[in-house]
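Trainee: I would like to take a close look at a single part of this structure, and then see how it sits beside the rest. Could you walk me through it slowly?

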Amino acid sequence: MTASAASRVHFRTCNLCEAMCGLRIELEGNRITSIRGDEEDPFSRGHICPKALALQDLHEDPDRLRHPMRRTASGWERVSWDDALDETARRIHAIQTEHGRDAVAAYLGNPNVHNLGSIMFGPQFLRALRTRNRYSATSVDQLPHQLVAYLMFGHQLLVPIPDIDRTRYMLVMGANPLASNGSLMTAPDVRTRLRAIQQRGGRVVVVDPRRTETARIADSHVFIRPGTDALLLLALLHVALVEGTPRPGHLAAHVDGLDTVRALARDFTPERVAPHTGVPADVVRGIARDFLAAEGAVCYGRMGLSTQPFGSLCQWLINVLNTVTGNLDHEGGAMFTQPAFDIVGGPKALGIGRGSIGRWKSRVRGLPEFGGELPSAVLAEEMLTPGDGRIRALITSAGNPVLSTPNGAQLDKALGGLDFMVSIDPYLNETTRHAHLILPPVSPLERSHYDIAFHALAVRNTAKYSPALFEPGPDGRHDWQIFLALQHRLETLRKGRPSVRSLLKYQAVSRLGPERVLDLGLRLGPHGARFHPLKQGLTLKKLREAPHGVDLGPLKPCLLQRLQTKDRRVNLAPEPLVADVKRLAEAFPAAGAHEVRDGELLLIGRRHLRDNNSWMHNVSGLVKGKPRCTLMMHPEDAARRGLADGAEVTITSRVGAVTVPVSVTNDVMPGVVSLPHGYGHGRQGTRLAVAGEHAGASINDLTDDKALDVLSGNAAFSGTPVQVRPAASASATPAA
Ligand SMILES: Nc1nc2c(c(=O)[nH]1)N[C@H]1C(S)=C(S)[C@@H](COP(=O)(O)OP(=O)(O)OC[C@H]3O[C@@H](n4cnc5c(=O)[nH]c(N)nc54)[C@H](O)[C@@H]3O)O[C@H]1N2
Ligand SMILES: Nc1nc2c(c(=O)[nH]1)N[C@H]1C(S)=C(S)[C@@H](COP(=O)(O)OP(=O)(O)OC[C@H]3O[C@@H](n4cnc5c(=O)[nH]c(N)nc54)[C@H](O)[C@@H]3O)O[C@H]1N2
Ligand code: SF4
Ligand SMILES: [Mo]
């Protein structure tokens, strides 16, 4: 792009969260003069949130790394791409040769999923590494959804999506879409979509230990004790199945396991679970009654339900509830997408694997792999525990596991002891400061964009391609180019000699890039040119001609075509999930009730509209204002501890302690405290000037790497037991 003073307008999709908002970016020459919502985007209709403006800040951020760097005794030095890539491949190869393939681990973070090139070229790089020590943010996030989808529908990404635009009753559990903008529910402008439910006479009910932004606009909000949602869901099923009659609708002839589920729900009456959940039996019955009566109802559960000790049970029981009430694969219920680039039903080479369980186990704790990955909660112990197979080297890509995985302080320590670490990342942060080499990719505005993942998780079938806004500079490399270059070098080292064949292949694939694969996927997809009778379907060219995106219509019932189970039936009662109900019943016995031990409080997380996990605190426009890394506490709990609003408190858990200000509020239920994640900046050796001034503390220095949803291996962040007391240096206000 030549720099001229001419003004121009560029349209693209925001890549920062899952909402896929359309942006209208104005430029004078190569200077961005405004970023606004694209009114002509048929899906987002002009909506954006404050983070969209940060795309410019990120692009211009002086702290963003623009060339590879090597850590030396006297600090970081600039190195050429060839040197950095050669050295990385050489070190990985040497360590794998000496200590075995599994001595090298990889951790992939969340922004990979928002990056076209990484989705397309990351998996083959990982396969080329040939290690069983693969980790990602999946196991601190949505792993239970994927496990349950695999067990019930035969593919880990056949995740049902709430049909928010047509439902008349939406039961939101453990999600706060008004802050997060929706997750596993790509729905730009979720506020308007929730309001629309109410305007057409429907209801929105939120179940959450905190009165969230979403709860505030809902018709009703129900407090629930963290970690007990599976009990509540069983009680809803009890009312629907034992006291009422199941009605799985058009799926009735295709569903197995209904009797098993009904038998499981028999004992879990609303009265039996109320002492544990804190939700009165009549409230449960009221929700069940309204859910059953609504013409189109959906239960939707996200982070708060996945990252708890019964995360898989929760996501399973949600699917069961939606199914037995006739709302699965039904308008206004929980539906399945038919994305233009189909990673589930399309050609195998362009898709994501169906899933797998337990093909290998983690060395120390013996936890099973899922979909080729081990739980991130074991990453540190696999580095710290001596013996054969110990992890000695790590590759991170778009991840900050020191701040985002449980017991981050332990991982922080473990990273310091690695023989080699390389990070593909634009920032020198809490994780990458331990790397020997950092390989920074281009900024999001320097790459093209298509949401392979989020179109597949959206509440409408749409497709949109955005070209790069800026041409990368001579030292710019795309994530996919870094993956491909490393893969080529590793394969060459393994062969022991350069081979013309592999060089030609590397050059050919480099020339193709993500665009050609995208075009192929679009053509072969359900809306593609290949299957269209008049050959009028989608191609990349068609998408280039539609810069605001293409609307492909509302979700349609399609499960029976998309189902990937071997017997082509829905398995309502997969054996591992059925068996796990016993663990639930034992954890919350029929005769018992919740007991508070020695002033213990249960810690949960929270998200704020202006945060994005750990990595956008270097944008001053987003961090200004009142400090957000505070511990929310109910007035009764504060009074008991002699704490006034704003007092510094020390929070301790089994694994660590942090100090933050307390924020006394009725918005959390008694016995529960809430701290956001993604903070804990300002550490030595990082290069994040703005974030350092808004450092906060990391909740994951409190969360426990031993607390898991044992079925999936997902981290159980929610409900971490903690003690809270006035910070040592602070003088406490005496209790009234
Ligand atoms: N602004 C912003 N947007 C984001 C992100 C961000 O960091 N900031 N992150 C993005 C990512 S990676 C994701 S995965 C999504 C997450 O999207 P959401 O899941 O919508 O996000 P959270 O705000 O974490 O919502 C979880 C809710 O669960 C509640 N909760 C905690 N424990 C329990 C429990 O035991 N039971 C119940 N019922 N509720 C519980 C919490 O109080 C919280 O309100 O957001 C995405 N969008
Ligand atoms: N206690 C608690 N912990 C949590 C959560 C919680 O709710 N509570 N939420 C969890 C969830 S849902 C998630 S998804 C994880 C996130 O966990 P991670 O993915 O490990 O962490 P992020 O904070 O998203 O960090 C993203 C990293 O990617 C880099 N980056 C950004 N864009 C790009 C890019 O285009 N290419 C490359 N190569 N790098 C890029 C950033 O600089 C940063 O280092 O955190 C989890 N941790
Ligand atoms: S809601 Fe998400 S996609 Fe939309 S502008 Fe904000 S960060 Fe971007
Ligand atoms: Mo996430």
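Which classes of residue, nonpolar, polar or charged, make up the shell around ligand 3, and how many are there of each?

Mentor: Please keep in mind that this is a predicted model. By class, the shell around ligand 3 has nine nonpolar residues, together with one polar and one charged residue. The residues concerned are Cys14, Leu16, Cys17, Ala19, Met20 and Cys21, then Ile48, Cys49, Lys51 and Ala52, and finally Asn181. Asn counts as polar and Lys as charged, so the polar place in this shell belongs to Asn181 and the charged place to Lys51.

Among the cysteines of the shell, Cys17 counts as buried because its relative accessibility is 15%, and the cut-off for that word is under 20%. Away from this list, Cys558 is buried as well, because its relative accessible area is 1%. As for bonds between cysteines, a search of the whole structure finds zero disulfides.

A useful residue for following the surroundings of this shell is Ser44, which is placed in the loop between strand 3 (31-37) and helix 1 (54-60). Ser44 is buried, because its relative accessible area is 1%. Leaving aside neighbours within four places in sequence, Ser44 is in contact with Met20 and Cys21, and also with Gly22, Asp38 and Pro188; Met20 and Cys21 are also among the residues around ligand 3. Ala19, another residue around the ligand, is 25 residues from Ser44 in sequence, while the two C-alpha atoms are 8.2 Å apart in space.

To set this part beside the rest of the chain, the domain assignment gives domain 1 (87-141 + 344-554), domain 2 (163-330 + 561-583) and domain 3 (596-729). The centres of domain 2 and domain 3, taken over C-alpha atoms, are separated by 28 Å, and their contact takes 26 residues from domain 2 and 24 residues from domain 3.

The largest nonpolar core has 97 residues, of which Phe153, Leu171, Leu233 and Trp316 touch the most other members. Helix 8 (residues 229-243) gives the most to this core, with ten residues, and the core draws at least three residues from each of domain 1 and domain 2. Not counting residues up to four places away in sequence, Leu233 touches Met173, Cys299, Leu305, Cys314, Leu317, Ile318 and Leu321. Apart from this core lies another, of 30 residues, including Tyr107, Val378, Met383 and Leu411.

Technical notes: Residues are numbered from 1 along each chain as its sequence is written. Chains are lettered from A and ligands numbered from 1 in the order in which they are written. This is a predicted model: local features need pLDDT of at least 70, side-chain atom pairs count only at pLDDT 80 or more; totals for chains, interfaces and linings use all residues. Side-chain values use heavy atoms; hydrogens and water are left out. A residue is near a molecule or strand if one of its heavy atoms lies within 4 Å of it. A nonpolar core is a set of buried Ala, Val, Leu, Ile, Met, Phe, Trp, Tyr and Cys residues joined through side-chain atoms within 4.5 Å. Buried means under 20% relative accessible area, exposed over 50%, partly exposed in between (1.4 Å probe, protein chains only). Helices (H or I, at least four residues) and strands (E, at least two) are DSSP runs, numbered from the N terminus. Domain bounds come from an automatic or database domain assignment. Contact means heavy atoms within 4.5 Å. A disulfide is a pair of cysteine sulfur atoms within 2.5 Å.
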